[in-house]
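Open your viewer and follow along with this short tour, one selection at a time.

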Amino acid sequence: MSATHEISFTLNGIARHARVGLGMSALTMLRDVCGLTGTKYGCGEGECGACTILVDDKSVAACLQFAIDCDGRSLTTIEGLASDARAQALAKAFVARGAVQCGFCTPGMMVQATHLLATHPHPDAAAAQRAIEGNLCRCTGYQKIVEAIVEAGAQQP
Ligand code: FES
Ligand code: FES
């Protein structure tokens, strides 16, 4: 039996504890230990962006982040953005622009785009495209997603 360790962290603004294995990813911890399945498992290798979360306000691929390294950190997942004004504006723009099709990439895209709007409130198309270049979408061709991000940014004060 492999050793497990108790870690403490903030998850979507709430103090949490979790018992994690040494090699466990933050993605597995979020989905299987914390029960938050909004963060998607795509490639498991840092290539698709479906598992994008914020760790201390930096966007990371949760499949590449060791759970044990989340000790003492602040994690934000798509569930934690439910009442975030930027995420709400993005969600409306995504729907209006048809930027959600199968929806598998959407949580990761939303986390990445929310992070962009927090750091660059009024991105142009090039900035929006750069921000999501690590997030793969097999359905939309990206243009509608870029347009939605620019539109949501334009609505910000
Ligand atoms: S599941 Fe993490 S980048 Fe693809
Ligand atoms: S909407 Fe299907 S992968 Fe992006």
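Start by selecting N12, which is partly exposed with a relative accessible area of 23%; buried means under 20% relative accessible area, exposed over 50%, and partly exposed in between (1.4 Å probe, protein chains only). N12 sits in the loop between β1 (4-11) and β2 (14-21); helices (H or I, at least four residues) and strands (E, at least two) are DSSP runs, numbered from the N terminus. Its phi is near 55°, a positive value in a residue other than glycine. Most residues other than glycine have a negative phi.

Before moving on, two notes on the model. This is a predicted model, in which local features need pLDDT of at least 70 and side-chain atom pairs count only at pLDDT 80 or more, while totals for chains, interfaces and linings use all residues. Residues are numbered from 1 along each chain as its sequence is written, chains are lettered from A and ligands numbered from 1 in the order in which they are written, and side-chain values use heavy atoms, with hydrogens and water left out.

**Stop two: the strand pair**

Now select R19 and E6, which form a salt bridge with the closest N and O atoms 3.6 Å apart. A salt bridge here is a side-chain nitrogen of Lys or Arg within 4 Å of a carboxyl oxygen of Asp or Glu. R19 is in strand β2 and E6 in strand β1, 13 residues apart. Both ends are partly exposed: R19 at 46% relative accessibility, and E6 at 44%.

**Stop three: around D56 and D57**

Next, pick D57, in the loop between β3 (52-55) and β4 (58-61). D57 has a positive phi of about 65° although it is not a glycine, and D57 is exposed, with a relative accessible area of 60%.

In that loop, D56 forms a salt bridge with R73, the closest N and O atoms being 2.8 Å apart. R73 lies in the loop between β4 and β5 (74-76), 17 residues from D56. D56 is partly exposed at 41% relative accessible area, and R73 is partly exposed at 29%.

**Stop four: helix α2**

Select residues 85-97. The end C-alpha atoms of α2 are 18 Å apart, which agrees with the 18 Å expected for 13 residues at 1.5 Å a residue; the expected span is 1.5 Å times one less than the number of residues.

Which residues of α2 are buried? They are A87, L90, A93 and F94. These cover an arc of only 125° around the axis, so they lie on the same side of α2; the arc is that of the directions from the helix axis to the C-beta atoms. On the other side, A85, K92, V95 and A96 are exposed.

What covers the buried residues includes α3 (106-119) and α5 (143-154), with contact meaning heavy atoms within 4.5 Å. At the N-terminal end, D84 caps α2, with a side-chain oxygen 2.8 Å from the backbone nitrogen of R86. Just after α2, G98 takes a positive phi of about 70°.

Now show R97 of α2 and E147 of α5: they form a salt bridge, the closest N and O atoms being 3.3 Å apart, and they are 50 residues apart. Add E151 to see a network of salt bridges linking R97, E147 and E151.

**Last stop: helix α3**

Finish with α3, where twelve of the 14 residues are buried, so this helix is largely enclosed by the rest of the structure. Its buried residues, including M109, H115 and L116, pack against β3, β4, α2, α4 (125-131) and α5.

Technical notes
Polar contact = N/O pair within 3.5 Å; in protein donor to acceptor, adjacent residues only side chain to side chain.
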